[in-house]
Amino acid sequence: MTNSDEVRGYVDQKLDELNGRLRALNKYVHENPEMAFKEFKSHDAICDFLEENGFKVTRHAYGMETAFEAIYGQGGRMVNFNAEYDALPGGHMCGHNLITTSSVAGFLGLAYILEKTKVPGRAQLLGTPAEEAGGGKIDLINAGAYKDVSASLMAHGFGKSPEAGLEGYSNARLAAAQHTTFTFTGKPAHAGAFPWDGINALDAFVAFYNNVSLLRQQIKPDERIHGCLLEGPKVANLIPEHAKVFYITRSSKLRDLKTLAARVENCAKAAALATGCEIQIDRAEPYADIIFSNAINDRYREHMGSYGVKIGKAWASQGSTDQGNVSHTVPSIHACFALPEAGTSNPHQEEFAVAAGKDSSHDMAIKVGKSLALTGYDIISDDKYYNQVYNDWQQDLKN
């Protein structure tokens with residue numbers, strides 16, 4: 001039986017050896033931000049890196065242009081690592097370059113442990129596009145990418161910890177989210193000469209916006225509604241016949257989200273009725289809330305502590321991720337780690353994007369990757385421990 005110090009030595013050896021190349025990959029992804037489903041440069045760079053290190057990679061996996069899959073090992077349980085690499089319009093303001101780094105590092109570390117110990121088991125690295133918008137992991141679930149997975153591990157960077165002395169959390173209790181597009185269609189007319197001949201789609205949007213603003217007074221503290229205008233009028237002397245808007249509705253639990261999302265849709269339908277517009281409602285499959293396995297959380301926290309990083313048990317936030325859908329499919333972790341140079345900034349801010357490119361953030365992501373690898377090995381090698389992981393997950397699914 002391989003002891004824990006020996007296993008940790010394998011992880012340290014491999015990732016310290018590859019650290020310079022991992023830093024270069026991290027830097028490349030950070031400096032080449034790409035939007036959802038358009039992450040072509042990042043996809044190719046990560047796949048090239050893996051192939052150069054001897055792994056067989058399936059590019060454009062599961063029918064998605066910017067997804068990929070690499071699997072190492074045989075038999076036993078399979079542990080998944082999810083690499084996100086999509087950005088926001090302002091760059092890597094959510095630090096997905098660091099998710100790439102920690103997940104690639106976790107995969108490499110676990111693969112090397114399996115190589116050295118000869119323990120039956122598999123490490124899977126999935127490239128998961130479009131977390132910010134589009135739900136790439138949902139498409140991968142539906143395509144069968146997780147059907148043989150026993151547990152899914154990943155981690156996300158964030159700003160200063162809400163609690164002094166902590167540098168992260170073993171998991172994040174994130175909210176469920178519904179992404180919906182509303183299209184209002186009216187009738188054009190000359191705004192000066194014959195306004196009575198038109199039906200104003202922009203007015204429908206304004207009425208919808210105000211309806212939602214009124215609704216906010218009667219929603220729960222853990223619920224959120226926010227949106228933006230995607231398409232609207234470009235000239236002032238024409239009654240607008242078209243307005244297209246995108247809204248995200250959030251609630252702590254998927255079951256509560258469905259109720260709130262229906263109320264938001266009623267706000268839109270009322271606006272269409274009041275203005276005489278037609279309305280089209282397009283719903284994406286919702287992001288689910290995060291389901292916990294305390295056994296995974298506790299073990300990951302122990303491994304992070306062995307690298308001198310003190311993290312808390314759980315952090316509640318009204319952010320959302322399609323890793324939530326994965327967590328409803330298999331036992332999962334979505335850990336959080338603080339960026340040392342983030343200051344007071346948090347994800348989706350320009351200062352956070354700068355911090356995500358720093359050497360100190362990379363160093364933290366490598367510690368995270370090592371801890372994920374060690375947690376993955378525990379899941380693969382210890383039947384009693386995995387039974388606890390699974391039972392904890394089943395219990396949280398019932399709550």
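In which sense do S8 and strand S10 (residues 242-251) pair, and over how many bridges? The model examined here is predicted, so local features need pLDDT of at least 70 and side-chain atom pairs count only at pLDDT 80 or more, while totals for chains, interfaces and linings use all residues. Residues are numbered from 1 along each chain as its sequence is written, and side-chain values use heavy atoms, with hydrogens and water left out.

S8 and S10 pair in the antiparallel sense over 10 bridges; strands are DSSP runs (E, at least two residues) and helices likewise (H or I, at least four), numbered from the N terminus, and two strands pair if DSSP finds at least two bridges between them. Thr-180 has Tyr-247 of S10 as its bridge partner. S8 is also joined to strand S11 (residues 278-283) by six antiparallel bridges, with Phe-184 opposite Ile-279. Nine of the 10 residues of S8 (residues 176-185) are buried (under 20% relative accessible area, 1.4 Å probe, protein chains only), so the strand is largely enclosed by the rest of the structure.

Elsewhere, an open sheet of seven strands follows the order S1-S2-S4-S3-S5-S13-S6, with mixed pairing. Its edge strands, S1 (57-59) and S6 (168-169), each pair on one side only. Within this order, S3 (residues 78-83) and S4 (residues 121-127) run parallel and are joined by six bridges, Met-78 being partnered with Arg-122 of S4.

Turning to the helices, H1 (residues 4-31) and H3 (residues 96-117) pack at about 150°, their axes 9 Å apart; axes are lines fitted to C-alpha atoms over the stretch in contact, and angles run from 0 to 180 degrees between N-to-C directions. The two are therefore roughly antiparallel (over 145 degrees).

Terms used. Angles under 35 degrees count as roughly parallel, over 145 as roughly antiparallel, 65 to 115 as roughly perpendicular and the rest as oblique. Buried means under 20% relative accessible area, exposed over 50%, partly exposed in between (1.4 Å probe, protein chains only).
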